[in-house]
Amino acid sequence: MGKQWMKPLGAVLVAGTLLVGGTAWVAPGNYAYAAEVQGVQNVINVVGKGEIQVKPDIAYLSIGVNSTAETAASAQKANAAKIQKVSNLLKNTWKINADDIQTSQFYVQPNYTYSEKEGQKVKGYTAHHTLTITYREMDKIGELLDAASQAGANNIENVRFTVENPENFEAQVIEKAVANAEVKAGAIAKAVKRQLGAVLSVTQGDANVPVLYATESSTAKDMAMSAAGTEIETGQVKVSTTLNITYEMK
């Protein structure tokens with residue numbers, strides 16, 4: 001029987017094939033057939049990062065009061081009077097809106113002593129109450145903390161700075177992210193002796209606005225010792241985003 005070409009049977013791997021126009025042709029004689037080769041798109045995937053530094057425009061102040069007494073009720077009562085005084089100062093003297101003052105922590109807990117003779121025993125109670133203050137006058141933060149200390153606040157836990165409306169800077173960080181991605185993709189294309197083509201897809205990662213901590217576990221007592229008053233430096237915070245971009249490679 002003479003040798004003949006057979007119909008394509010699909011994508012099958014056969015040794016000794018010759019690629020011609022996207023089809024793998026096998027020489028007649030050994031169950032000859034043509035196998036279609038799946039086309040592969042040439043792309044470059046990169047992640048571009050955009051970042052800018054801006055001055056913070058909002059601060060969150062953690063101002064707390066601790067009181068110790070022989071009973072839980074006494075500790076709580078003493079602490080309630082102190083925190084009320086601090087709260088009145090913030091609202092009446094500093095004109096801070098009640099919506100910007102929030103209780104973030106409150107507890108009353110026993111204090112323990114231990115001895116080999118008596119073991120563990122309760123010795124008094126400590127009441128703790130912390131207010132988180134949203135404040136927007138950056139140049140008056142130190143003065144506010146000093147005033148709170150004088151009013152009875154004895155636990156200034158931290159001051160956190162950030163940007164209230166990061167979306168105002170979104171266009172800037174996106175532009176920087178795109179430029180960063182294009183530089184990376186262009187370098188890759190050049191390295192493999194190809195050219196960068198059109199953008200095929202773009203996916204944005206999460207926008208990020210880190211919180212800057214001005215102080216950590218600072219006590220109002222320590223701050224009040226400075227005759228010049230407390231100085232708080234706001235510094236700058238970073239606003240950033242990432243873009244996953246796919247480019248055509250020509």
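**Confidence and the setting of helix α3**

In this predicted model, mean confidence in the protein is lowest in strand β1 (residues 18-20), at 37, and highest in helix α1 (residues 72-93), at 97; the score is pLDDT, the predictor's confidence in each residue, from 0 to 100. Helices (H or I, at least four residues) and strands (E, at least two) are DSSP runs, numbered from the N terminus. Residues are numbered from 1 along each chain as its sequence is written. Local features need pLDDT of at least 70, side-chain atom pairs count only at pLDDT 80 or more, and totals for chains, interfaces and linings use all residues.

User: Over which residues from 1 onward does pLDDT stay under 50, and how many contacts beyond four places in sequence does the model have for them?

Analyst: The stretch is residues 1-40, where pLDDT stays under 50. A contact means heavy atoms within 4.5 Å. Beyond four places in sequence, the model's contacts for residues 1-40 number 46.

User: Why do the buried residues of α3 lie on the same side?

Analyst: Buried means under 20% relative accessible area, exposed over 50% and partly exposed in between (1.4 Å probe, protein chains only). In α3, the buried residues are Val173, Ala177, Ala181, Ala185 and Ala189. They lie on the same side of α3 because the arc they cover around the axis is only 140°.

User: Which exposed residues does the face of α3 turned away from its buried side carry?

Analyst: The buried residues of α3 have a cover that includes β4 (43-54), β9 (196-204) and β11 (237-249). The face turned away from the buried side carries the exposed residues Glu175, Val183, Lys190 and Ala191.

Note on methods:
Side-chain values use heavy atoms; hydrogens and water are left out. The arc is that of the directions from the helix axis to the C-beta atoms.
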